[in-house]
Amino acid sequence: PDCNATCQSSSGLILDAYLQDQDNDGITDTLDDDDNNDGIVDADIDGDGLIDITSLHRLDAMRYQLDGIGLRLTTDAGLDFSGCSIVIHQGIAQRRCHGYELVTDLDFDTNHNGVVDTNDDYWNDGAGWLPIGDSARYFTADFNGNGHVIRHLTINRPST
């Protein structure tokens, strides 16, 4: 507060006029669904450290990043940390989330005919949903359902 314009200009530092606004668009990151202004909705829209699960596709993608540090949509896709908070990890400041959260209800009856069958995504020849993680790779992320429901989840797989 005691550093006037002369003090500020001689410091060599630049005053950040957009605190809590990574892309300086005038919308704070907690309200901005595109914190890095790349035209793509962030993985963590509300910046709470939990990747937003908005669809069955994103729910399925949790299997590609079991620790929830970022969104990975396929096995070989890069990690999307957009919207994640900056945290200190192993002595380095970096964007990083810590889990997932449902932001809407999900329904495995994808054709909405009242029955989960061959016409629905994730039917998998009657085996239904493939559980996330296995005996070699555990799900270690936080998961918050936020009061939302997952309807018509079907799993018909022999235990191994």
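1. His152 is partly exposed, with a relative accessibility of 36%. In this predicted model, His152 is placed in the segment after strand 7, which covers 150–151. The backbone deserves a look here: phi of His152 is near 60°, a positive value in a residue other than glycine.

2. Just before His152 in the numbering comes strand 7 (150–151). Ile150 lies in this strand and is partly exposed, with a relative accessible area of 33%. Together with Leu153 and Ile155, Ile150 makes a nonpolar surface patch of about 250 Å².

3. Arg151 also belongs to strand 7, and its side chain meets that of Asp105 in a salt bridge, at 3.5 Å from N to O. Asp105 lies in the loop between strand 4 (99–102) and strand 5, so the pair ties together parts that are 46 residues apart in sequence. Arg151 is partly exposed, at 41% relative accessible area. Asp105 is partly exposed too, at 37%.

4. How many salt bridges does the structure hold? There are two. Besides the pair of Arg151 and Asp105, there is one in which the side chains of Asp60 and Arg63 meet at 2.8 Å, N to O. Asp60 and Arg63 are both buried, whereas Arg151 is partly exposed.

5. Arg63 has a further contact to check. Its charged end sits over the ring of Trp129, 5.1 Å from the ring centre. Arg63 is therefore within the 6 Å that counts for a charge over a ring. When viewing this site, show Asp60 as well, since its side chain forms the salt bridge with Arg63.

6. Trp129 leads on to the aromatic residues. Ring pairs link Trp129 with Phe108 and Tyr122 into a cluster. A search of the whole structure finds four aromatic pairs. One of them is Phe108 with Tyr122, whose ring centres are 6.0 Å apart and whose planes make an angle of 75°. This pair is edge-to-face because an angle over 60 degrees counts as such.

7. Where do Phe108 and Tyr122 lie in the chain? Both are in the loop between strand 5 (106–107) and strand 6 (142–144). The two residues are 14 apart in sequence, so their pair ties together separate parts of that loop. Is each ring residue buried or partly exposed? Phe108 is buried, with a relative accessible area of 3%, and Tyr122 is partly exposed, with 22%. The value for Tyr122 is above the 20% limit, so Tyr122 does not count as buried.

8. Strand 2 and strand 3 run antiparallel and are joined by four bridges. One example is Val87, whose bridge partner in strand 3 is Gln94. The two strands form a hairpin with two residues between them.

9. Which residue in the turn of this hairpin has a positive phi? The residue is Gln90, with a phi of about 50° although it is not a glycine. Gln90 is found in the loop between strand 2 (86–89) and strand 3 (92–95). Gln90 is exposed, with a relative accessible area of 71%. His152 from the opening point likewise has a positive phi without being a glycine, but His152 is partly exposed.

Terms used: Residues are numbered from 1 along each chain as its sequence is written. This is a predicted model: local features need pLDDT of at least 70, side-chain atom pairs count only at pLDDT 80 or more; totals for chains, interfaces and linings use all residues. Side-chain values use heavy atoms; hydrogens and water are left out. Rings of Phe, Tyr and Trp (its six-membered ring) pair if their centres lie within 6.5 Å; planes under 30 degrees apart count as stacked, over 60 as edge-to-face and the rest as tilted. Buried means under 20% relative accessible area, exposed over 50%, partly exposed in between (1.4 Å probe, protein chains only). A charge sits over a ring if NZ of Lys or CZ of Arg is within 6 Å of the ring centre and within 35 degrees of the ring normal. Patches are made of residues with over 30% relative accessible area and no salt bridge: like charges are joined within 9 Å, nonpolar side chains (Val, Leu, Ile, Met, Phe, Trp, Tyr) within 5 Å. Accessible areas come from the Shrake-Rupley method with a 1.4 Å probe; for residues, only the protein chains shown count as cover. A salt bridge is a side-chain nitrogen of Lys or Arg within 4 Å of a carboxyl oxygen of Asp or Glu. Two strands pair if DSSP finds at least two bridges between them.
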